[in-house]
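Student: Please choose a single part of this molecule and describe it closely. I should like to see how that part is related to what surrounds it.

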Amino acid sequence: MKRFLILIGLISNVLMAQHSIKGVFSPPEDYRVAVLYKVTPTISEYITHAEVKKDGRFEIPLDSTVSKGMYRIVYAIPEEDYNFDIIYNKKEDINLTFNSETGLKILSSAENKLMASYSNSMSMITHSINNFYSEKSKDTTALVSIFKTQREAQKGFEDLAKNTIALAFIKANKPYIPKHYEDVDTYSKNVKIHYFDHVNFTNKTLQSSNFLNERMVNYIFGVVTDSINREANYKKNINVFYNAMKEAPIEIKRTLLVDLWEQMRDLNYEKTANYISDTYLINIAKQLKDKDLIEGLTLYKNISIGKVAPDFSFEQEKNGVKTTKKLSELIGAKNYILVFWNSTCAHCLDEIPQLEAFVKDKKKEEVTVVAIGLEDSPEYWNRVVKRLPDFIHVYGAGYWDNEIGDSYGVTATPTYFVLDSEKHIVAKPEDIDELKLYFEKQKSKAKNKASQK
């Protein structure tokens with residue numbers, strides 16, 4: 001019985017044996033919680049969380065059930081923007097500091113420190129190479145010596161990282177290293193050509209981190225061809241990137257391309273976002289039978305600049321007679337402003353009167369406003385619209401669950417679209433000030449054009 005109890009005690013101690021992730025966030029007042037996720041190629045699994053103390057300190061205990069692998073600490077919302085990755089090898093504690101400006105610093109954890117040391121060493125060597133070329137030095141033996149140092153450093157770190165999780169990152173990050181002297185143009189060209197040579201897109205460790213995403217972003221936004229414009233450059237780089245990851249599982253392709261599509265969307269590079277969709281992402285979504293993604297990509301494309309605005313019907317009343325019209329049937333104006341608003345929305349009640357004042361001085365053949373009220377009920381809306389007699393008013397029942405609003409991807413009020421006389425979307429101003437600026441620029445362009453004749 002005694003031996004049995006001892007055995008139970010030993011088992012209990014083994015199960016309770018644990019490591020921990022400790023750290024300090026600064027400035028401490030900017031942080032409230034540290035949330036730990038285990039990252040896999042397709043999902044992030046919540047593990048636990050810890051409160052960030054007033055002095056910025058936090059501690060996350062890791063019991064014996066926590067497996068080795070890639071982990072992510074999320075410290076703010078949205079979690080896809082405010083996080084950093086760490087390696088947990090189930091052998092050691094991790095101690096770190098994180099500053100919102102200077103980033104992550106590993107204080108203890110041999111494997112994570114090895115990664116940091118590798119990054120710092122290779123960054124210093126790259127800096128030396130850049131200095132050599134920028135200073136237009138003629139000492140070719142000095143450059144060959146730097147390349148030799150880089151080659152030896154890479155091999156040295158790969159040897160040190162054997163049998164570690166870090167090895168996958170160190171090998172994947174291996175740069176292009178010439179064996180002989182190369183002039184700056186040749187070297188730059190070869191760096192571009194060989195950028196993805198050592199990136200294994202099928203490696204699950206790389207898939208379970210930010211590495212592939214960062215590699216993608218650095219190449220697409222960082223590699224420049226001077227002879228073409230920005231969006232053409234992005235498209236060219238996207239093609240190279242997609243070809244480099246051709247062996248990746250389709251789920252990984254989807255994840256990376258959706259992230260890239262979202263970045264292009266947020267930066268208002270509509271043509272590039274739609275290029276990603278049309279050339280690659282729609283087909284991937286169809287293969288995965290991802291209906292939501294297909295609908296989202298299609299909606300975005302349908303309301304891009306240059307597209308004919310989605311049509312809709314509405315009722316108009318004149319002299320007590322109600323008629324049904326369509327947006328496409330409106331005639332007589334050079335531009336149409338669609339504004340999606342709500343009669344109880346504070347921003348709307350601030351901007352809608354400004355919109356009314358802005359168009360009041362304009363002739364009807366210049367601008368017509370179509371105001372779509374996204375409402376829960378018509379009573380208050382009916383009272384408010386009487387104060388806006390110069391607008392064409394459309395009642396949008398259901399508020400956020402409204403067919404017209406859905407067809408324009410409206411998620412906030414007020415939302416503006418500017419159309420030309422043929423109902424093509426020509427601008428999507430963020431607010432009333434941006435809308436006014438658009439028309440001022442158009443007026444200035446027209447004056448300049450007239451003066452040149």
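Tutor: The buried residues of helix α3 are covered by elements that include α2 (110–134), α4 (166–172) and α5 (184–193). Please keep in mind that this is a predicted model. Helix α3 is the part we shall examine, and its surroundings will lead us further.

Helix α3 runs from residue 140 to residue 160 and has 21 residues. From its first C-alpha to its last it reaches 30 Å, which is close to the 30 Å expected at 1.5 Å a residue. Which residues of α3 are buried? They are Leu 143, Ile 146, Phe 147, Gln 150, Ala 153, Gln 154, Phe 157 and Glu 158. These residues cover an arc of only 130 degrees around the axis, and therefore they lie on the same side of α3. Thr 141, Lys 155 and Leu 160, on the other side of α3, are exposed.

We turn now to α2, one of the elements that cover the buried residues of α3. Its 25 residues should span 36 Å at 1.5 Å a residue, and its end C-alpha atoms are indeed 36 Å apart. The buried residues of α2 are Glu 111, Asn 112, Leu 114, Met 115, Tyr 118, Met 122, Ile 125, Ile 129, Phe 132 and Tyr 133. Among the elements that cover them are α3, α4 and α5, together with the strands β6, β7 (94–99) and β8 (103–108). Just after α2, Lys 136 takes a positive phi of about 55 degrees.

Strand β6, which helps to cover α2, gives us a route onward. Strand β6 comprises residues 83–88, and Tyr 88 belongs to it. Is Tyr 88 buried or exposed? Its relative accessible area is 2%; a residue under 20% counts as buried, and therefore Tyr 88 is buried. Leaving aside neighbours within four places in sequence, Tyr 88 is in contact with His 19, Leu 62, Val 66, Ser 67, Lys 68, Gly 69, Tyr 71, Ile 94 and Ile 165. One of these, Gly 69, is 19 residues away from Tyr 88 in sequence, yet their C-alpha atoms are 5.5 Å apart in space.

Strand β6 also belongs to an open sheet of 4 strands, arranged in the order β3-β2-β5-β6 with antiparallel pairing. Strands β3 (44–51) and β6 stand at the edges with a single partner strand each, so one side of each has no neighbour in the sheet. From one strand to the next the twist averages 25 degrees. Within this sheet, β2 (residues 33–39) and β3 run antiparallel and are joined by 7 bridges. Ala 34 has Ala 50 in β3 as its bridge partner.

Leu 62, one of the contacts of Tyr 88, brings us to strand β4. In a regular strand the side chains alternate between the two faces of the sheet. Strand β4 (residues 57–62) has a covered face formed by Phe 58, Ile 60 and Leu 62. Its uncovered face consists of Arg 57, Glu 59 and Pro 61. Strand β4 pairs with β1 (residues 19–26) in the antiparallel sense over 6 bridges, and the bridge partner of Gly 23 in β4 is Phe 58.

For a second example of a helix with a buried side, consider α13, where Trp 381, Val 384 and Val 385 are buried. They cover an arc of only 90 degrees around the axis, and therefore they lie on the same side of α13. The elements covering them include β11, β12 and β13.

Of these strands, β12 (residues 367–375) has 9 of its 9 residues buried, so the rest of the structure largely encloses it. Val 367, Val 369, Ala 371, Gly 373 and Glu 375 are buried on one side of β12, and Thr 368, Val 370, Ile 372 and Leu 374 on the other. Strand β12 runs parallel to β11 (residues 335–341), to which 7 bridges join it. It also pairs in the parallel sense with β13 (residues 392–397) over 6 bridges. From β12 the chain crosses through α13 (residues 378–385) to β13, and this β-α-β crossover is right-handed.

Notes
Residues are numbered from 1 along each chain as its sequence is written. This is a predicted model: local features need pLDDT of at least 70, side-chain atom pairs count only at pLDDT 80 or more; totals for chains, interfaces and linings use all residues. Side-chain values use heavy atoms; hydrogens and water are left out. Buried means under 20% relative accessible area, exposed over 50%, partly exposed in between (1.4 Å probe, protein chains only). Helices (H or I, at least four residues) and strands (E, at least two) are DSSP runs, numbered from the N terminus. Two strands pair if DSSP finds at least two bridges between them. A crossover is right-handed if, with the strands pointing away from the viewer, the path from the first strand over the helix to the second runs clockwise. Contact means heavy atoms within 4.5 Å. Axes are lines fitted to C-alpha atoms, for helices over the stretch in contact, and angles run from 0 to 180 degrees between N-to-C directions. The expected span of a helix is 1.5 Å times one less than its number of residues. The arc is that of the directions from the helix axis to the C-beta atoms.
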